[in-house]
Structures are given as C-alpha cells and as structure tokens.
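User: Please take a close look at how the helices of chain B pack against one another, and set that packing in the context of the whole model.

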Amino acid sequence: MIESFTGEHGGFILGSWLAAVLIIGALLAWVLIDGRKVRRDLAALEAAGFRRRSADGENDGGTDGGAPTP
Amino acid sequence: MPLIDYANPTRFMSLSGRILPWLVGLTMLTLGFGLYKAFYMAPADYQQGETVRIMFVHVPAAWLAMFAYTIIALSALGTLVWRHPLADVSARAAAPLGAGFTAIALITGSLWGKPMWGTWWVWDARLTSVLILLLMYLGLMALQRAFDDPAKGAKAGAILALVGFINVPIIKFSVDWWNTLHQPASVFRFDGPTIHSSILWPLVVTAIGFSLLFLTLHMMAMRNEVIRRRVRALQIQAARNVSRQPAGQLAAEAGKA
C-alpha cells in the first residue's frame with residue numbers, strides 16, 4: 001500500500017484518496033451535527049410541553065410533523 | 001403489511017432506527033474489505049501503473065453521483081404525483097450527498113487525468129456533463145431552501161430535479177455519443193466488462209462499500225429531515241399559542257422578564 005503513495009504518481013493517488021476522505025468526512029460531520037441540533041431543538045420543545053398527537057406511545061425521536069398538541 | 005405502509009414517516013423512523021446500526025456495521029465491513037482488496041490484492045495496471053488505485057474511489061463516486069440524482073428524480077415523482085411526505089425528505093437528504101460524491105468524482109478524475117492524459121481538465125462531453133451535474137445539485141439545494149413554506153420548496157425542487165434528470169443519461173452515454181478524452185464504459189457494457197478480474201472484483205467490492213456508505217448517510221440525513229419537520233410543526237404550534245395569549249397577559253409576562 002505504501003508504495004502506491006510513494007511511487008512516481010504517489011502524490012496524485014494520495015491526493016485523490018485524501019480528497020475523498022475529506023469530503024466524506026465533511027458529509028458525515030454534517031449528518032451528525034445536524035442530527036444533534038434537530039434532536040436538541042425537539043427536546044427543548046417537548047420540555048416546554050409541546051407534543052404531537054401521533055407522538056403518543058412513540059419514543060423514537062420524530063416523525064412526520066403531524067398536528068402538534070400543546 | 002404492504003410495502004408502501006413502510007413509507008409512512010412514523011414507520012420509517014421506527015424501521016430505520018432498527019436497521020441503521022446493522023447498515024453501519026455492514027458498510028464498515030464491506031468498505032474495509034474493499035479497501036484492503038484495492039490496495040493489497042489488486043495489481044498495478046499494466047499501462048496505468050499504480051494510478052489505477054484512483055479508480056477504486058473515482059468510479060464508485062461517479063456511479064453514486066448519478067445514482068443519487070436518480071433517487072432525487074424518483075423522489076420528485078413521489079412529491080409531484082403522490083405528494084408523499086417522505087419523497088421530499090428523501091430528495092432533500094440526497095442532494096448534499098450527491099453533490100459530495102460528484103465533487104469526489106470530479107476531483108479524483110482531475111488528479112487521475114493529469115498523470116494519464118497530461119491535463120487536469122478538458123471540456124469534453126463526459127467531464128462537462130458531470131460538472132453540470134454538480135451545478136444542478138447546488139442549484140437544487142439552493143432552490144429547496146429558498147422558500148419559507150417547505151411544501152412550495154418541495155414542488156419547485158421536484159420540477160427542477162425532473163428537468164435536470166435529462167443530464168443523467170447524457171453523462172452515461174456521452175462517451176459513446178461524442179468523441180471524448182474520457183474512456184468509454186468498461187464495466188457496464190453489453191459485451192461484458194473489459195477490466196481484468198483481478199482489478200474488477202476489488203472495484204465491485206469498493207463500489208458496494210461506497211454504495212452502502214451512501215445509503216447509511218442518506219438514511220441518517222432522512223431521519224434528521226423528518227425530525228426537522230416535526231420541530232417546525234411544534235414551533236408553529238408554539239407561535240400560535242403565543243399569539244392567542246391576551247395582550248394583558250403578554251404585557252405582564254414581559255414585565256416579569
């Protein structure tokens with residue numbers, strides 16, 4: 001594996017995989033950070049007493065934005 | 001239970017919550033095995049040498065760039081024809097992922113092109129149509145977020161996605177229809193793959209691994225989007241409650257603050 005990155009065109013190979021890792025890492029970070037934010041917002045609203053009717057009996061974080069009940 | 005019932009957002013959240021840990025595990029295993037095969041098992045190409053290692057990320061990324069847009073186009077049909085709430089959720093979740101994989105395909109293609117073709121970029125039909133795909137993704141993401149009302153954004157985005165889908169077959173067949181510097185298809189061909197099996201199988205495994213990664217990220221992003229819509233619905237409810245309060249009560253609360 002090392003010789004792939006140290007050979008004549010090693011810089012191009014390393015650059016390609018590095019770019020892929022960086023972009024996929026950014027996508028993963030976006031999904032994780034966004035997920036944490038929306039779950040925090042939801043928890044804050046539920047703590048304030050707002051719940052959807054369809055959320056009764058449900059404990060899995062969120063669904064379809066059905067009619068909420070205060 | 002009919003399959004369509006699983007498209008209900010509540011059931012989707014429940015089902016995806018159970019599937020996701022398995023999908024993450026399968027993705028890591030497959031991608032890990034694929035990378036092992038790509039770097040340790042696959043030989044250097046007899047013409048391209050070690051630069052063939054770029055293919056194991058470039059080709060799956062290019063396939064996923066088109067696959068993600070196909071998902072968006074199918075979701076657009078779901079939005080416009082059936083008005084299914086999960087269809088727009090799927091389209092919104094897939095757009096940034098598709099843009100990311102398109103960017104990977106363009107960057108790795110450029111890094112592969114320089115040592116093999118002697119140039120970073122040419123305006124041939126394949127490269128240009130993939131660049132247009134990236135611009136389509138960016139435009140779609142901007143349009144989806146340009147409306148205060150998500151329903152209007154969904155409709156406008158779905159129309160743009162369907163119109164833009166014409167670019168996907170153009171990308172696929174550009175190397176056959178026009179004279180391009182980019183090589184013709186070498187895996188999905190009527191007469192079978194032209195790649196030797198020692199390189200083809202590592203490519204197939206890495207492609208499955210990256211596809212599983214895409215599905216995992218898509219499912220996670222869809223779950224986020226569903227929760228975001230629930231938050232929005234509750235925020236509207238909270239705002240309505242505030243507006244219904246008598247002015248005197250609001251003034252009193254403001255005074256306390």
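Analyst: What follows goes from confidence and overall form to the helix pairs of chain B, and ends with the contact between the chains.

This is a predicted model, and its scores are ipTM 0.88 and pTM 0.87. For chain B the mean pLDDT is 90, with 92% of the residues at 70 or more, whereas chain A averages a pLDDT of 79, with 70% of its residues scoring at least 70.

Chain B contains 8 helices and 0 strands, so that, read from the N terminus, its elements follow the order α-α-α-α-α-α-α-α. Its radius of gyration is 23 Å, where a compact globule of 257 residues would have a value near 18 Å. Along the principal axes, the C-alpha atoms of chain B occupy a box of roughly 80 × 40 × 40 Å.

Two packed helices are described by the angle between their axes and the distance between the axes. Three pairs in chain B can be taken in turn on that basis, and helix 2 of chain B takes part in two of them.

In one of these, helix 2 (residues 55-82) of chain B meets helix 5 (residues 150-164) of chain B, their axes coming within 8 Å and crossing at roughly 135°. An angle over 145 degrees would count as roughly antiparallel, and helix 2 and helix 5 of chain B are therefore described as oblique to each other. The crossing of this pair is left-handed. Helix 2 of chain B contributes B:Ile72, B:Ala73, B:Ala76, B:Thr79 and B:Leu80 to the contact, and helix 5 of chain B contributes B:Ala154, B:Lys155, B:Ala158, B:Ala161 and B:Leu162. Sorted by class, the residues of this contact are 8 nonpolar, 1 polar and 1 charged.

Helix 2 of chain B also packs against helix 6 (residues 167-177) of chain B, here at an angle of about 155° and with the axes 10 Å apart. Given that angle, helix 2 and helix 6 of chain B are therefore roughly antiparallel to each other, and their crossing is again given as left-handed. The residues that make the contact are B:Met66, B:Tyr69 and B:Thr70 from helix 2 of chain B, together with B:Val168, B:Ile171 and B:Lys172 from helix 6 of chain B. They comprise 4 nonpolar, 1 polar and 1 charged residues.

The remaining pair joins helix 3 (residues 85-117) of chain B to helix 7 (residues 197-244) of chain B, which pack at about 135° with axes 8 Å apart. Helix 3 and helix 7 of chain B are therefore oblique to each other, and their crossing is right-handed. On the side of helix 3 of chain B the contact involves B:Val89, B:Ser90, B:Arg92, B:Ala93, B:Ala94, B:Leu97 and B:Phe101, while helix 7 of chain B supplies B:Phe214, B:Leu217, B:His218, B:Ala221, B:Met222, B:Glu225 and B:Val226. This contact between helix 3 and helix 7 of chain B has 10 nonpolar, 2 polar and 2 charged residues.

Beyond these pairs, chain B is also in contact with chain A, and 44 residues from chain B and 36 residues from chain A take part. On the side of chain A, helix 2 (residues 10-47) of chain A provides the largest share, 19 residues, and the side as a whole divides into 18 nonpolar, 11 polar and 7 charged residues. This helix 2 of chain A also has the highest mean pLDDT among the elements of its chain, 95, while strand 2 (residues 68-69) of chain A has the lowest, 42. Over residues 59-70 of chain A the pLDDT falls below 50, although the stretch has 45 contacts in the model beyond near neighbours in sequence.

Notes: Residues numbered from 1 in each chain as written. Chains lettered and ligands numbered in written order. Predicted model: local features only at pLDDT ≥ 70, side-chain atom pairs only at ≥ 80, totals over all residues. Contact = placed C-beta atoms within 7 Å. Helix = DSSP H or I, 4+ residues; strand = E, 2+ residues; numbered from the N terminus. Nonpolar A, V, L, I, M, F, W, Y, C, P; charged D, E, K, R; others polar. pLDDT = per-residue confidence, 0-100. Axes fitted to C-alpha atoms, helices over the stretch in contact; angles between N-to-C directions. Parallel < 35°, antiparallel > 145°, perpendicular 65-115°, else oblique. Left-handed = near helix turned anticlockwise from the far one by under 90°. Rg over C-alpha atoms; globule rule 2.2 N^0.38 Å.
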